[in-house]
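Biologist: Hi! Could you walk me through this chain?
Modeller: Happy to, here it is.

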Amino acid sequence: MKINTAEFVISNSDVSKCPKEPLPEYAFIGRSNVGKSSLINMLTGRNSLAKTSGRPGKTQLINHFKINDNWFLVDLPGYGYARVSKSTKQTFQSFITEYFEKREQLVCAFVLVDVRHEAQKIDIEFINYLGTIEVPFCIIFTKADKISRGKIDQHVAAYRKALLANNWEEMPQYFVTSSSEGTGRDTVLNYIEEVNQG
Ligand code: GTP
Ligand code: MG
């Protein structure tokens, strides 16, 4: 899919204030620093559309980006960042769970995990939560430039095992990406295009 336009629309922590248009949207979620915002920039080919940082906790709100005037990419805050203040230190912030539970336009969540790490408890918990609320999701293994192709295959296989051990029947649709090298751009965009076309 060709990206003709990509524009920032609105940031907020209130799901009822998200754009009202009935356009399909795809949300990026995962641990802080996993590369959600970087992947949005890589996919859209706009280097500073979403704000990124080497320090975890950069994205704090629900950010809507309108693509080609007919669908949305949604950048979300990360979870699992330990250095947040006590009052906000819930496992998953309530406006994030509210987003996943209430947002009717959401057609697919992309759960990002760092390809270098073995399955993390918090990610499995979040994936299980998506299962409970019946939100369709894919897994994106990020930062593929950091390890060899052979290691990537090993880590994906181990992830599949971890999901099966958590009562998932099969590995969901998954992608391997590198935002610094552009890896996975076409496959992710083509997948979105297919889903958009129903
Ligand atoms: P929060 O908004 O804090 O939840 O983080 P995030 O998931 O949006 O991560 P972000 O995109 O801000 O990236 C975090 C750090 O990882 C930055 O230093 C990025 O440059 C780096 N990064 C992201 N994707 C990649 C990648 O594919 N390869 C490499 N090598 N670094 C990456
Ligand atoms: Mg971010």
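Modeller: One term before we start: helices and strands here are DSSP runs, numbered from the N terminus, with at least four residues for a helix and at least two for a strand. Also keep in mind that this is a predicted model.

Biologist: Sure. How many helices and strands are there in the chain?
Modeller: The chain has five helices and seven strands. Along the sequence they come in the pattern β-β-α-β-β-α-β-α-β-α-β-α. The radius of gyration is 16 Å, close to the 16 Å from the globule rule for 198 residues, so the chain is as compact as a globular protein of that length.

Biologist: And what box do the C-alpha atoms fill?
Modeller: Roughly 40 × 40 × 35 Å, taken along the principal axes.

Biologist: What percentage of the residues is buried?
Modeller: Buried residues are 33% of the 198.

Biologist: Okay, helix H1 next. How many of its residues are buried?
Modeller: Nine of the nine, for residues 36-44, so H1 is largely enclosed by the rest of the structure. The buried set includes Lys-36 and Asn-41 as well as Leu-39, Ile-40 and Met-42.

Biologist: What comes just after H1?
Modeller: Gly-45, with a positive phi of about 70°.

Biologist: Which residue that is not a glycine has a positive phi of about 60°?
Modeller: That's Asp-69. For background, most residues other than glycine have a negative phi. Asp-69 is in the loop between strand S3 (62-67) and strand S4 (71-75).

Biologist: Is Asp-69 buried or exposed?
Modeller: Exposed: Asp-69 has 10 C-beta neighbours inside 10 Å, and the cut-off for exposed is 12 or fewer.

Biologist: Where does Asn-167 lie, then?
Modeller: Asn-167 is in the loop between helix H4 (149-165) and strand S7 (174-176). Its phi is positive too, near 70°. Asn-167 is exposed, with 8 other C-beta atoms within 10 Å.

Biologist: Changing topic: what share of the contacts with a separation of 6 or more comes from residues 24 or more positions apart?
Modeller: It's 73% in this chain.

Biologist: Nice. Which residues is Val-107 in contact with, leaving aside neighbours within four places in sequence?
Modeller: Val-107 touches Pro-24, Glu-25, Tyr-26, Pro-136 and Val-195. Val-107 itself belongs to strand S5 (residues 106-114).

Biologist: How many residues apart along the chain are Val-107 and Glu-25?
Modeller: They are 82 residues apart, while their C-alpha atoms are separated by 5.8 Å.

Biologist: And how many C-beta neighbours does Val-107 have inside 10 Å?
Modeller: Val-107 has 19, and counts as partly exposed. The cut-off for buried is 20 or more.

Notes:
Residues are numbered from 1 along each chain as its sequence is written. Chains are lettered from A and ligands numbered from 1 in the order in which they are written. This is a predicted model: local features need pLDDT of at least 70, side-chain atom pairs count only at pLDDT 80 or more; totals for chains, interfaces and linings use all residues. The radius of gyration is taken over C-alpha atoms; the globule rule is 2.2 Å times the number of residues to the power 0.38. Two residues are in contact if their C-beta atoms, placed from the backbone, lie within 7 Å.
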